[in-house]
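The following exercises concern one protein chain. Each consists of a task and a solution that proceeds step by step.

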Amino acid sequence: MLNICRICFTSPILTRNQLPFCVSCSNELAELRLYNSNCKLTFVAAPNSEIQSLWRYRGVIRELILRAKVKRDCAALRHLVSLVESCDEVQSLVNWSDVIIPAPSSLWGRVHGSLDIASQVAHQLSKKTGKTISTAPSDLYWRWRKQARRGRESRVDEDLIEMSILKLRRSFLKWFGSNNGSVPSFPNRVLLIDDVVTSGATLSKTARALKDRGAGVVRCLTIARSYT
Ligand SMILES: [Zn+2]
């Protein structure tokens with residue numbers, strides 16, 4: 001078992017490889033990797049922001065992400081974290097940043113017990129480099145589900161369940177006296193981390209919220225992106 005590839009569980013591990021994967025899985029990882037210009041996406045919704053992704057959301061990467069997220073497989077999560085840490089651009093993005101923030105998990109994900117990969121990766125990067133970690137504005141944690149979890153045809157700008165939840169929450173805060181005066185303010189350079197980017201809607205929304213609270217430049221790093 002020990003010398004078997006941790007992705008496909010069939011072929012032996014490549015000994016010269018630092019990661020416990022076989023030849024074919026390592027080759028697939030290399031093929032799915034996105035470099036420099038083709039991995040960046042500047043999005044319209046929030047100026048001075050960009051999304052940088054490390055891999056295409058396919059094959060072995062998709063398998064590791066789903067294994068970690070849906071099955072809460074700790075080994076898969078560990079391999080993902082090692083893979084992310086081994087990328088040069090991750091190191092330079094972390095060095096550039098003043099603070100690391102994981103993209104807020106959706107209510108849907110929490111209800112269904114999905115593992116929060118973004119938060120785990122962000123904490124690991126912070127632990128390794130000593131960079132400060134923070135959380136996104138709390139409103140964003142009340143989103144019902146990501147647009148990406150829907151079919152393409154059923155994507156909407158406003159989710160009815162989400163709107164009702166947020167409305168309830170606002171009335172609750174109003175009636176039970178939590179003051180909205182204590183809005184946290186964010187430093188100039190923010191590194192926002194997420195697992196997969198599909199429409200970019202969650203990251204755009206989060207980036208805008210961070211900018212409203214003082215962030216100058218928001219750079220988003222995602223492990224994978226699901227569009228080509
Ligand atoms: Zn393999």
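**Exercise 1. Follow a pairing from one strand to the next.**

Task: Determine which residue of β5 stands opposite I100, and how β5 pairs with its partner strands.

Solution.
Step 1. I100 stands opposite L191 in β5. Strands, like helices, are DSSP runs numbered from the N terminus; a strand (E) has at least two residues and a helix (H or I) at least four.
Step 2. The model is a predicted one, in which local features need pLDDT of at least 70, side-chain atom pairs count only at pLDDT 80 or more, and totals for chains, interfaces and linings use all residues. Residues are numbered from 1 along each chain as its sequence is written.
Step 3. Strand β3 (residues 99–102) pairs with β5 in the parallel sense, over four bridges. Two strands count as paired if DSSP finds at least two bridges between them.
Step 4. β5 also pairs with strand β6 (residues 217–225), again in the parallel sense, over eight bridges. Within β6, A224 is the bridge partner of V196.
Step 5. On β3 there is a further pairing: two bridges join it to strand β4 (residues 132–133), and the two run parallel. Here V99 has T132 of β4 as its bridge partner.

**Exercise 2. Describe the chain as a whole.**

Task: State how many helices and strands the protein chain has, and in what pattern they follow one another.

Solution.
Step 1. The chain has eight helices and six strands.
Step 2. Along the sequence, the pattern reads α-β-β-α-α-α-β-α-α-β-α-β-α-β.
Step 3. The mean pLDDT, the predictor's confidence in each residue from 0 to 100, is 83 for the chain, and 82% of its residues reach 70 or more. Among the elements, helix α2 (residues 59–69) has the highest mean, 96, and strand β1 (residues 40–42) the lowest, 60.
Step 4. Of contacts between residues at least 6 apart in sequence, 70% join residues at least 24 apart. A contact requires that the C-beta atoms of two residues, placed from the backbone, lie within 7 Å.

**Exercise 3. Examine the core.**

Task: Identify which strand gives the most residues to the largest nonpolar core.

Solution.
Step 1. A residue is buried if 20 or more other C-beta atoms, placed from the backbone, lie within 10 Å of its own; it is exposed if there are 12 or fewer, and partly exposed in between. By this rule 29% of the 228 residues of the chain are buried.
Step 2. A nonpolar core joins buried Ala, Val, Leu, Ile, Met, Phe, Trp, Tyr and Cys residues through C-beta atoms within 7 Å. The largest one has 46 residues, and I65, L80, L192 and I193 have the most contacts inside it.
Step 3. Strand β5 (residues 189–197) gives the most to this core, namely six residues. The core draws at least three residues from each of domain 1 (1–32) and domain 2 (34–143 + 185–225), with bounds from an automatic or database domain assignment.
Step 4. Eight of the nine residues of β5 are buried.
Step 5. Apart from neighbours within four places in sequence, L192 is in contact with I101, A103, L203, T206, A207, V218 and C220.

**Exercise 4. Test a helix.**

Task: For helix α7 (residues 160–175), compare the expected span with the distance between its end C-alpha atoms, and decide whether the helix is covered or in the open.

Solution.
Step 1. The expected span is 1.5 Å times one less than the number of residues.
Step 2. For the 16 residues of α7 this gives 22 Å; the end C-alpha atoms are 23 Å apart, which agrees.
Step 3. The number of buried residues in α7 is zero, so the helix lies largely in the open.

**Exercise 5. Consider two backbone angles.**

Task: State what sign of phi F9 has, and where R72 is found.

Solution.
Step 1. Most residues other than glycine have a negative phi.
Step 2. F9, although not a glycine, has a positive phi of about 55°. F9 lies in the segment before α1, and counts as exposed, with 9 C-beta neighbours inside 10 Å.
Step 3. R72 is not a glycine either, and has a positive phi of about 50°. R72 is found in the loop between α2 and α3 (74–85), and is exposed, with 12 other C-beta atoms within 10 Å.
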